[in-house]
Amino acid sequence: MVPRAEFASYYGRPVIKAPSWAARDIAGYFFLGGLAGAGSVLAAGAQLTGRTTTATAMKVSSLAAVSLSAAALVNDLGRPDRFANMLRVLKPTSPMSVGSWLLSVYGPAAGAAAVTAATRRLPRTGAVATAGAALLGPAVASYTAVLAADTAVPAWHGAHRELPYVFAASATAAAAGMALAVGPSHEAAPARCAAALAALAETAASRAAERRLGMVAETWREGRAGTLLRAARALTVCGAAGAVLGGHRRAVAAASGLALLAGSACTRFGVFAAGIASAEDPEYTVLPQRARLDAEAASQLAQGGQ
């Protein structure tokens with residue numbers, strides 16, 4: 001018999017170093033990238049179904065969002081040349097490397113799609129750019145979740161299976177909200193459907209992530225993160241309900257769209273805050289180790305009893 005192992009941090013200090021990312025820049029980068037990527041998918045769908053006004057508005061929105069997203073990333077890096085340095089090689093095992101290349105390819109495609117739609121020139125070039133942006137859009141919308149989950153931060157890494165689904169659903173809700181806010185009501189039927197599906201998917205994925213996190217899920221429910229994520233759920237559900245029930249009226253559609261956009265932003269900032277809180281508190285690194293040890297001991301006892 002050996003004494004039961006105990007896990008503890010050194011003088012109560014954090015076990016891991018919390019990311020030095022600024023919430024405004026990186027959480028904003030998460031949100032804007034998701035809005036851009038999902039918006040390109042909706043823009044392509046609107047273009048294919050003859051909803052040209054919504055398609056043009058979404059293409060311009062995606063260009064603005066990806067531009068602001070890149071600006072936020074560069075601002076956090078400190079110098080623009082640091083972003084260029086990440087393009088020296090393509091490393092498939094590095095989410096940061098893959099993400100940098102995704103932005104570098106997606107940005108020009110989104111830009112060409114927006115410019116050709118706004119000027120109504122070079123329609124073939126615009127069609128190719130729209131299709132390219134739509135193909136890359138899902139990856140742009142969700143790769144930031146892989147980037148966060150690839151760290152040692154407990155509240156992100158522990159939910160590495162569900163976090164991409166949370167981000168993808170949140171991005172879809174944001175894009176649907178933008179379409180409702182800027183597009184005409186008679187073209188908004190697909191956006192209303194997307195809003196309802198995104199709200200259901202985000203709720204289900206978030207619940208699944210909290211179940212997997214176990215005790216670390218406290219960081220998703222308490223403090224700043226808890227406040228933001230509760231607000232995100234309320235805004236997303238209310239926005240989706242308004243879109244489905246009253247989205248045919250312009251004022252209701254616009255209000256629902258703004259609620260969906262705000263809910264998506266709160267989701268990204270809330271998940272970001274939960275990650276920082278889990279990294280700064282050593283218990284959220286130590287307690288999972290104890291839980292795993294207890295589970296292994298219980299499994300060994302069960303096998304011994306058999």
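Hi everyone, let's start with a pair of helices: α1 passes α2 in a left-handed crossing. Before going on, please keep in mind that this is a predicted model.

So how do people describe a pair like this? Two packed helices are described by the angle between their axes and by the distance between those axes. Here, α1 covers residues 23-48 and α2 covers residues 52-77, and they pack at an angle of about 160° with their axes 7 Å apart. Because of that angle, α1 counts as roughly antiparallel to α2, the cut-off being over 145 degrees. As for what sits in the contact of α1 with α2, the residues there divide into 14 nonpolar, 9 polar and 4 charged.

Now for another partner of α1. Helix α5, residues 123-149, packs with α1 at an angle of about 150°, with the axes 7 Å apart. That makes α1 roughly antiparallel to α5 as well. The crossing of α1 and α5 is left-handed. If you want to find this contact on the screen, look in α1 for residues including Tyr-29, Gly-33, Gly-37 and Val-41, and in α5 for residues including Thr-130, Ala-134, Gly-137 and Pro-138. How many charged residues does the contact of α1 with α5 have? There are none: the division is 11 nonpolar, 7 polar and no charged.

Let's step back to the whole chain. The protein chain has 12 helices and 0 strands. Buried residues make up 47% of its 306 residues. Take the contacts between residues at least 6 apart in sequence: 75% of them join residues at least 24 apart. The accessible surface of the chain comes to about 14900 Å², and 64% of that belongs to carbon and sulfur atoms.

Next, two single residues to click on. Is Thr-267 buried or exposed? Thr-267 lies in helix α11, residues 250-280. Its relative accessibility is 2%, so Thr-267 counts as buried, for which the cut-off is under 20%. Leaving aside neighbours within four places in sequence, Thr-267 touches Val-166, Ser-170, Glu-202, Leu-229 and Ala-232.

The other one is Ala-181, which is found in helix α7, residues 163-182. With neighbours within four places in sequence left aside, Ala-181 is in contact with Arg-250, Ala-253 and Ala-254. Try this with the distance tool too: Ala-181 and Ala-259 are 78 residues apart in sequence, while their C-alpha atoms are 9.8 Å apart in space.

That's my tour, and thanks for listening!

Technical notes: Residues are numbered from 1 along each chain as its sequence is written. This is a predicted model: local features need pLDDT of at least 70, side-chain atom pairs count only at pLDDT 80 or more; totals for chains, interfaces and linings use all residues. Side-chain values use heavy atoms; hydrogens and water are left out. Helices (H or I, at least four residues) and strands (E, at least two) are DSSP runs, numbered from the N terminus. Buried means under 20% relative accessible area, exposed over 50%, partly exposed in between (1.4 Å probe, protein chains only). Contact means heavy atoms within 4.5 Å. Accessible areas come from the Shrake-Rupley method with a 1.4 Å probe; for residues, only the protein chains shown count as cover. Axes are lines fitted to C-alpha atoms, for helices over the stretch in contact, and angles run from 0 to 180 degrees between N-to-C directions. Angles under 35 degrees count as roughly parallel, over 145 as roughly antiparallel, 65 to 115 as roughly perpendicular and the rest as oblique. A crossing is left-handed if the near helix is turned anticlockwise from the far one by less than a right angle, and right-handed if clockwise. Ala, Val, Leu, Ile, Met, Phe, Trp, Tyr, Cys and Pro count as nonpolar, Asp, Glu, Lys and Arg as charged, and the others, Gly among them, as polar.
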